[in-house]
Amino acid sequence: MRDAAYQRVSVDMRALRSEHLTHSHRRYTMGLGDKISNKTEDLTGKAKEGTGKATGNESLEAEGKGDQASASIKDGVEKVKDAASDVKDAFKK
């Protein structure tokens with residue numbers, strides 16, 4: 001099972017390097033890692049906030065809210081970058 005997953009990742013990585021992929025597909029796959037990272041940061045923040053509330057630890061709760069805010073800002077930046085790239089691609093046509 002693990003070997004099959006490794007092979008899929010290897011094939012996917014080779015495809016990313018391929019010259020046959022369109023610019024928008026490359027942008028999507030490269031931005032996907034950032035989006036996953038942002039979602040992970042948001043979920044971590046929610047867990048910290050919940051733990052802080054449950055234990056009465058205001059510092060941990062505030063840190064969790066800060067992590068969520070940071071992830072939200074990064075998500076917004078990703079959306080702006082995607083929109084700017086779409087506009088740029090529209091003018092190329």
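Colleague: Which residues does Glu78 touch, not counting residues up to four places away in sequence?

Modeller: In this predicted model, Glu78 touches Gly31, Asp34, Lys35 and Asn38. Contact here means heavy atoms within 4.5 Å. Glu78 itself lies in helix H3, residues 58-92.

Colleague: Why is Glu78 called buried?

Modeller: Its relative accessible area is 7%. The term buried applies under 20%, and therefore Glu78 counts as buried.

Colleague: What makes the pair Glu41 and Lys74 a salt bridge?

Modeller: The side chains of Glu41 and Lys74 meet at 3.2 Å, N to O. A salt bridge requires a side-chain nitrogen of Lys or Arg within 4 Å of a carboxyl oxygen of Asp or Glu, so the pair qualifies. The pair links distant parts of the chain, with Glu41 in helix H2 and Lys74 in helix H3, 33 residues apart.

Colleague: Are Glu41 and Lys74 buried or partly exposed, and why?

Modeller: Glu41 has 19% relative accessibility and therefore counts as buried, the limit being under 20%. Lys74, at 38%, counts as partly exposed, because that term covers values between 20% and 50%.

Colleague: Why are Lys46 and Asp42 separated by about one helical turn?

Modeller: They are separated in this way because they are four residues apart in helix H2. Their side chains meet in a salt bridge at 3.6 Å, N to O, which satisfies the limit of 4 Å. Lys39, Asp42 and Lys46 are linked in a network of salt bridges. Within this network, Asp42 is buried, with a relative accessible area of 15%, whereas Lys46 is partly exposed at 44%.

Colleague: How do you know that Glu63 forms a salt bridge with Lys48?

Modeller: The closest N and O atoms of Glu63 and Lys48 are 2.7 Å apart. That value lies within 4 Å, so the definition of a salt bridge is met. Glu63 lies in helix H3 and Lys48 in helix H2, so the pair ties together parts that are 15 residues apart in sequence. Glu63 is partly exposed at 39%, and Lys48 is partly exposed at 22%.

Colleague: How many salt bridges does a search of the whole structure find?

Modeller: The search finds nine salt bridges.

Colleague: What is the pattern of the protein along the sequence?

Modeller: The pattern is α-α-α, with three helices and zero strands. Of the 93 residues, 17% count as buried.

Notes. Residues numbered from 1 in each chain as written. Predicted model: local features only at pLDDT ≥ 70, side-chain atom pairs only at ≥ 80, totals over all residues. Heavy atoms only, no water. Helix = DSSP H or I, 4+ residues; strand = E, 2+ residues; numbered from the N terminus. Buried < 20%, exposed > 50% of the residue type's maximum accessible area, 1.4 Å probe, protein only.
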